[in-house]
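Work through the exercises below with the sequence and the model at hand. Each task is followed by a solution in steps.

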Amino acid sequence: MRSLWILLVVLLGISSAQYENRLLVGFQETQAIYPDGGTTTPFGPAQLIAQALGLGYLETSSRVYLSLGSMVAVFYITEDGNRAASVGAAYRSQGSVWVPVRQLAANLDLLYRNDYGASVLALKPAQLISIKRVVVGGAERYVLSFDRDVQVRFVSGNPPRLALIGVTQTPTPPDSTLSFNQTDWGSELLLPPGTDPPRLFFLPRQVIVQRGSSGHPPVVVLDAGHGGDDTGVIVGKLAEKDLTLSVVQRLQRLLQARGLEVVLTRSSDKAVPLLARAQYASSAQVFLSVHAAAGNQTHIYSYPEVQTLRLLEKGRELFSKTPDNQKQILERYVAAPGSAARFAQGVSQALAGVAIASVVSQDAMYVLSQAGGAAVMVEMGFESLRSTQGRAQAASALAKAVFSYLGLPEAQPASPTKPGGVKP
Ligand SMILES: [Zn+2]
């Protein structure tokens, strides 16, 4: 299958060789731009690259992050093309963020070369060297060791399937409960049936897949956006980092009062590196990141698995001659309703209950992409968080969404000032 994949890239390269500045990213064709007007420093569209290669993606107002397994490439964003090209920053232009392709390839160890007059950016084929099963308490772990960092995605379904993107070689399964499918975009690992969705932990050249409960109540990770020197947005005298912490701490009390295990990525005014947030996220059954933005509008971002597998959608177009069984698999990916999307919808409904209108988007976010369970980022309108009452209202709406997602019965109105810890 690897040969077909490379063949397709090559064929695409030949078929449209007349266009200049062509950039082939995996199966997708796009254009490179040269922000400094030269010809030596090609930039490619960051979001498209992430989607085409299945990379983790996060874009903030000042930075863009692309990740592959445990590796992260970070670029500052500038609107000055000459500067972007000279210092290797990302370039914001025409509503898109562009990243220097060669540098991205170096940072994430991607394949980059010039073929038939087009630049080609692709995942290097990876090998799954071993897969070991370890039982820790009530939890079951699979330790996947690769020869390089790879992206692994959980694809909804029972038995659960994991997409090992770009993985062209797999070992003999250690026992009959595991099996592999080779696909045109990599490999698929089928785990034994089980109701608990797996959580993924990314380490260098290793991905740990954990299933089964360790006997704890659901872990809810609350992420108060920003902190420390990173103030977030400032409106008047209010800083985003303070508002988010206030909402998150209220929410924590409400959730703990129902006996839920709650972890905060920060509980004081300190900076938390993105990777640390991501590590927290990967242990969560529910991950809720709270931000605020100027104005009235509240945005909710979720991370449906199907979006990250955009390459599969693309694959469907390209592989019109694919055997039927493979087409069915692609259909399932595209149609699978993600748990994150369901949680995002719940958050939106709960906020509507306290008259906060929100927009639900399906943007890929780096922190969210590392989450094992349902992960949602809420960017509240500043205006709804100005007053103490507004923040309490937002917290109780978010708590309602978490309870509803976890299937807990509707809570009695709880006092946010009363610390809990008592199981219902
Ligand atoms: Zn923010």
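**Exercise 1.** Find which residue follows helix H4 and describe its phi.

Solution. In this predicted model, H4 is followed by Asp109. The phi of Asp109 is positive, near 55 degrees.

**Exercise 2.** List the buried residues of H4 and state how they are arranged around its axis.

Solution. Step 1: helix H4 covers residues 101-108. A residue counts as buried if 20 or more other C-beta atoms lie within 10 Å of its own. Step 2: the buried residues of H4 are Val101, Leu104, Ala105 and Leu108. Step 3: viewed down the axis of H4, the buried residues fall within an arc of 100 degrees, so they line one face of the helix.

**Exercise 3.** Describe the hairpin formed by S1 and S2.

Solution. Step 1: strand S1 holds residues 22-25 and strand S2 holds residues 28-31. They run antiparallel and are joined by 4 bridges. Step 2: one pair can be named, since Leu24 stands opposite Glu29 in S2. Step 3: 2 residues lie between the strands of the hairpin, and Gly26 in the turn has a positive phi of about 55 degrees.

**Exercise 4.** Place S1 and S2 in their sheet, and find the helix that packs on this sheet.

Solution. Step 1: the sheet is open and has 4 strands in the order S2-S1-S10-S9, with mixed pairing. Step 2: S2 and strand S9 (111-115) are the edge strands, each pairing on one side only. Step 3: neighbouring strands of this sheet are turned against each other by 25 degrees on average, direction ignored. Step 4: S9 pairs with strand S10 (residues 118-122) in the antiparallel sense over 5 bridges. Here Tyr112 has Leu121 in S10 as its bridge partner. Step 5: H2 packs on the sheet and touches S1, S2 and S10. The direction of H2 makes about 35 degrees with that of S1.

**Exercise 5.** Decide whether strand S14 is enclosed or open to the outside, and name its neighbours.

Solution. Step 1: S14 spans residues 161-165, and 5 of its 5 residues are buried, so the strand is largely enclosed by the rest of the structure. Step 2: in a regular strand, side chains alternate between the two faces of the sheet. Step 3: Arg161, Ala163 and Ile165 are buried on one side of S14, and Leu162 and Leu164 are buried on the other. Step 4: S14 belongs to an open sheet of 4 strands in the order S13-S14-S17-S16, with antiparallel pairing. The edge strands here are S13 and strand S16 (179-183). Step 5: S14 pairs over 5 bridges with strand S13 (residues 151-155), and another 5 bridges join S14 to strand S17 (residues 186-190). Gln151 stands opposite Ile165, Phe154 has Leu162 as its bridge partner, and Arg161 stands opposite Leu190 in S17.

**Exercise 6.** Describe the largest nonpolar core and where its residues come from.

Solution. Step 1: this core has 57 residues, and those with the most contacts inside it are Leu66, Ala90, Val99, Leu121, Leu162 and Leu164. Step 2: its largest share, 5 residues, comes from helix H2 (residues 46-53). Step 3: domain 1 (2-122) and domain 2 (126-211) each supply at least three residues. Step 4: a second, separate core has 45 residues, including Ala344, Val347, Ala375 and Leu398.

Key:
Residues numbered from 1 in each chain as written. Predicted model: local features only at pLDDT ≥ 70, side-chain atom pairs only at ≥ 80, totals over all residues. Core = buried A, V, L, I, M, F, W, Y, C linked by C-beta atoms within 7 Å. Buried ≥ 20, exposed ≤ 12 C-beta atoms within 10 Å, placed from the backbone. Domains from an automatic or database assignment. Pairing = 2+ DSSP bridges. Axes fitted to C-alpha atoms, helices over the stretch in contact; angles between N-to-C directions. Contact = placed C-beta atoms within 7 Å. Arc of directions from axis to C-beta.
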